[in-house]
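Please look through the sequence and the structure below before reading on; the paragraphs that follow take a sheet, a helix and a pocket in turn.

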Amino acid sequence: MISRLKGTDDILPPDSAKWRVLLRAFGSLAERFGYDLALLPVIEPTELFSRGVGEATEIVEKQMFTFEDRGGRSVTLRPELTAGMVRAFLASGAQGTLKLAAGGPMFRYEQPQKGRRRQFYQVDLEYLGEESPEADIEIIEVCYRLLEEVGIEGITLKLNSIGDPSDRAGYRSILQEYLRGRKGDLSKDARDRTESNPLRVLDSKADADIVADAPVPLDHIGESAQEHFDAVRAGLETLGITFEVDPRLVRGLDYYNRTVFELFSPAFEAAQSALGGGGRYDPLAVAIGASREVAAVGAAMGCDRIVEAMPAPGGDRLDLFVTVAEPNLRGQARLWISRLRRDGIRVDWDPTPGRSLRGQFKAADRSGAAAVAVVGEEWEVGQVTVRRLATGEEARVAVEEVGAWSTSR
Ligand code: AMP
């Protein structure tokens, strides 16, 4: 047997039932909020991520699946979607705003554990070309509603503003000075980051004590970033979305500015426990080579973790299981099933010709259907016998009525 690679999963029933609920909820929300679908390459030029995520980030330094293709180009399996979304937006030449929804597998070479996989799945939203705080509010709202709609309880939203790049230069040296003064007590990673990317030290769990007293970006943001942040907070309040301001929340990408946020639930507790997060990234387009800034905000929700936190979906797997008592009626049963399916009824049957009725009933039990129909001698008079599996209640129903009967519980 060839086994799958470390940190990858086979997502199969029954677990995949939750995935279906999640992906449906995301598709439906994206549509209701006016986000169009984007399908992007899973493989991109390495440079997109080294520039779009940032050289001095955990992802680019340690986690990318990067290799040379047969043409000698350095290519990378995408570790995230945002950089690709901005690349695609710029390449499309679109003017104005574009609201995009995407999703699929991402790849990061991490030490696998619960909620930390090498191939994992995200659903992603980007609001491109919009600088108004309304965009930030909306992106956060969709993420919040997604978790609500799939039944996750106790959602916590952590929110922060890291200001604009112009605010950051000053803050960066203040933070660096603070960290250099405590060099001896910092972890090796934090010492290195103090020089290359000091903001990242703020979310270092190993250095929590030192970080607790460190100066925070929020105290060093400019007036217009402050106004933006105030508007985002006020907007979320009017929507009844509760949040905590977490002044140490920074996020892993280099090109965030202003709003950053992450979502949590006690239903998923692990070392790295965010169910999703995002923020504003106005500087990203220029970082990957655009000639002008593109104001934008987005979010990525981690499906693997959301699914772990979700309750199992209730309800039956199928509305109806059709059995055939008279072998010569199989052809007609097949046509009837086809019609029911086209009418939106979830129907299955046993494909094995000649299987006894008892055998077919066993298959019906295993199938997770709410009811069974028997195509037998009453077929001649346009009827079938139906039975609800939970209660044993039986009836004879006109063939045209069975669809409605089977979905009226
Ligand atoms: P990030 O932009 O890195 O914060 O990723 C967004 C979300 O994707 C996180 O909040 C997680 O839910 C999820 N995620 C990130 N990395 C992994 C991973 N290696 N395995 C599973 N989920 C992940």
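**A sheet, a helix and a pocket**

In this predicted model, three bridges connect β2 with strand β4, which covers residues 74–77, and the two strands run antiparallel. Within this pairing, Pro45 stands opposite Val75 of β4. Both strands belong to an open sheet of three strands, whose order is β2-β4-β3 and whose pairing is antiparallel. Because β2 (43–45) and β3 (65–68) each have a single partner strand, they stand at the edges, and one side of each is left without a neighbour in the sheet. From one strand to the next, the twist averages 35°. Strands of a sheet pair, in general, through backbone hydrogen bonds, either parallel or antiparallel.

Strand β2 also has a part in the surroundings of helix α4, since it is included in what covers the buried residues of that helix, together with α2 (46–52), β5 (98–107), β6 (119–128) and α10 (284–287). The residues of α4 (82–92) that are buried are Thr82, Ala83, Gly84, Met85, Val86 and Phe89. Just after this helix comes Gly93, which takes a positive phi of about 70°.

Turning to the pockets, the second largest one has a volume of about 540 Å³. Its lining consists of 14 residues, and those that lie nearest the centre are Ala17, Arg20, Asp316, Arg317 and Arg346. Helix α1, which spans residues 16–32, gives the most to this lining, contributing five residues. Sorted by class, the lining of the second largest pocket holds six nonpolar, three polar and five charged residues.

Conventions
Residues numbered from 1 in each chain as written. Predicted model: local features only at pLDDT ≥ 70, side-chain atom pairs only at ≥ 80, totals over all residues. Heavy atoms only, no water. Pairing = 2+ DSSP bridges. Helix = DSSP H or I, 4+ residues; strand = E, 2+ residues; numbered from the N terminus. Axes fitted to C-alpha atoms, helices over the stretch in contact; angles between N-to-C directions. 1 Å grid on protein atoms, 1.4 Å probe; cavity = no way out; pocket = protein on both sides within 12 Å on 5 of 7 lines; lining within 4 Å. Points joined across faces, edges and corners; volume = space filled by probe spheres on them. Nonpolar A, V, L, I, M, F, W, Y, C, P; charged D, E, K, R; others polar. Buried < 20%, exposed > 50% of the residue type's maximum accessible area, 1.4 Å probe, protein only. Contact = heavy atoms within 4.5 Å.
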